[in-house]
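Please work through the exercises below with the sequence and the model side by side. Try each task on your own before you read its solution.

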Amino acid sequence: MSTDGYRPARQHDTPEYWSAKMIAEQLRGRNIRDERVLAAFAKAPRHLFCPSASLSEAYADHPVEIGCGQTISQPYMVAWMLEAARLRPTDRVLEIGTGSGYQAALLAQLVARVFSVERIPELLAEARERLARLDLENVTLREGDGSAGWLEHAPFDAIFYTAAAPEVPQPVKRQLAIGGRLLAPVGLRHHQNLLRIERTGEVTYHEKELGGCVFVPLRGEFGWND
Ligand code: SAM
């Protein structure tokens, strides 16, 4: 893990300390069991993705503001989605909502190729710089409305919406490979259900509600318009 720019104020005030505490208490402590997912968290320097937060805030058990009215999601929420997607090292994955680039940095360690779309240019530029600094070369970023997916690079083995949609955009389901999994917070503006949709055949899907969650709204063609 990179410690660039950090000078510990106290002996335990290091990224390694807070990261290990986050993994033990928030992830293992809440039943995240996928060792590949846990190892990816241990390697990704979360504090570099929300540089205006203090070290303890960056690794805390809640979302953190990253500017432009957006957030880097709570660590447990990210881990929950990653574990539920049952990722394999050969997978090609789409993320809709790059935000800080943190989840893309985790995905980059877990799968072969990551495609990620962000609609806010400032956030995308910062994410691009962070991912380059970490030498994560298997991530391709694009600016724009990703609510309809990214047809040119489909099919994907997994698709993640990291912003909440009023319903699952139908065109995106068809961008899943057969056997592929889509994870999306879907529901009301201020409360959603995390859905996992698996494409089981050419025109068949299996949908499961995994539990309640709260995400910032998806905007654009298939998002919320207010
Ligand atoms: N995965 C991110 C991370 O690791 O920091 C957190 C994402 S944040 C909770 C949700 C992001 O989705 C925001 O950055 C927001 O701008 C973006 N977003 C919302 N609607 C979008 C759309 N239609 N296309 C692309 N990005 C969108």
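The exercises that follow concern a predicted model, and each has a worked solution.

**Exercise 1. Find the partner of strand β1, state the sense of the pairing, and describe the turn between the two strands.**

Begin with strand β1, which covers residues 64–67, and look for the strand paired with it, which is β2 at residues 70–72. The two strands pair in the antiparallel sense, and 3 bridges are found between them. As a check on the register, look at Gly67, which stands opposite Gln70 in β2. Then turn to the hairpin that β1 and β2 make, where 2 residues lie between the strands, and note that Cys68 takes a positive phi near 60° there.

**Exercise 2. Decide whether helix α4 is mostly covered or mostly open, and then examine the residue Arg86 that follows the helix.**

Helix α4 runs over residues 75–84, and 9 of its 10 residues are buried, so the helix is described as mostly covered. Among the buried residues of α4 are Tyr76, Val78, Trp80 and Leu82. Next, follow the chain past the helix to Arg86, which lies in the loop between α4 and β3. The phi of Arg86 is near 50°, a positive value in a residue that is not a glycine. To classify Arg86 by exposure, recall that a residue is buried under 20% relative accessible area and exposed over 50%; because its relative accessibility is 40%, Arg86 counts as partly exposed.

**Exercise 3. Describe the largest pocket by its volume, by the elements that line it, and by the classes of its lining residues.**

First take the volume, which is about 560 Å³ for the largest pocket. Its lining is made up of 33 residues, and those nearest its centre are Gln70, Thr71, Thr162, Ala163 and Val216. Then ask which elements take part: β2, α4, β3 (92–96), α5 (102–110) and β4 (113–118) each supply at least two residues of the lining. The largest share comes from β2, with 3 residues. Finally, sort the lining by class, which gives 14 nonpolar, 14 polar and 5 charged residues.

**Exercise 4. Which residues come nearest to the ligand, and which ligand atoms lie close to polar atoms of Gly97, Glu118 and Gly146?**

There are 27 residues around the ligand, and the nearest of them are Ser100, Glu118, Asp145, Gly146 and Arg219. Now take the contacts one at a time, beginning with Glu118, where an N or O atom of the side chain is 2.6 Å from an oxygen atom of the ligand. For Gly146, a polar backbone atom is 2.8 Å from a nitrogen atom of the ligand. For Gly97, the distance between a polar backbone atom and a nitrogen atom of the ligand is 3.1 Å.

**Exercise 5. Trace the neighbours of strand β7 and state the sense in which each of them runs.**

Strand β7 takes in residues 176–187, and 9 of its 12 residues are buried. On one hand, β7 is joined to β6 by 4 bridges, and these two strands run parallel; Ala158 has Arg181 in β7 as its bridge partner. On the other hand, 7 bridges join β7 to strand β8 (residues 192–199), and this pair runs antiparallel. In the second pair, Gly187 stands opposite Gln192 in β8, and the two strands form a hairpin with 4 residues between them.

**Exercise 6. Locate the cis peptide bond, and then compare sequence separation with C-alpha distance for Phe115 and Thr140 and for Ile23 and Ala127.**

The cis peptide bond joins Ala154 and Pro155, with an omega of about 5°, and Pro155 is placed in the loop between β5 (139–143) and β6 (156–161). For the first pair, start at Phe115 in strand β4, which counts as buried because its relative accessible area is 1%. Phe115 and Thr140 are 25 residues apart along the chain, and their C-alpha atoms are separated by 4.8 Å. For the second pair, start at Ile23 in helix α1, which is buried with a relative accessible area of 10%. Ile23 and Ala127 are 104 residues apart along the chain, and their C-alpha atoms are separated by 23 Å.

Methods
Residues numbered from 1 in each chain as written. Predicted model: local features only at pLDDT ≥ 70, side-chain atom pairs only at ≥ 80, totals over all residues. Heavy atoms only, no water. Pairing = 2+ DSSP bridges. Buried < 20%, exposed > 50% of the residue type's maximum accessible area, 1.4 Å probe, protein only. 1 Å grid on protein atoms, 1.4 Å probe; cavity = no way out; pocket = protein on both sides within 12 Å on 5 of 7 lines; lining within 4 Å. Points joined across faces, edges and corners; volume = space filled by probe spheres on them. Nonpolar A, V, L, I, M, F, W, Y, C, P; charged D, E, K, R; others polar. Near = heavy atom within 4 Å. Polar contact = N/O pair within 3.5 Å; in protein donor to acceptor, adjacent residues only side chain to side chain.
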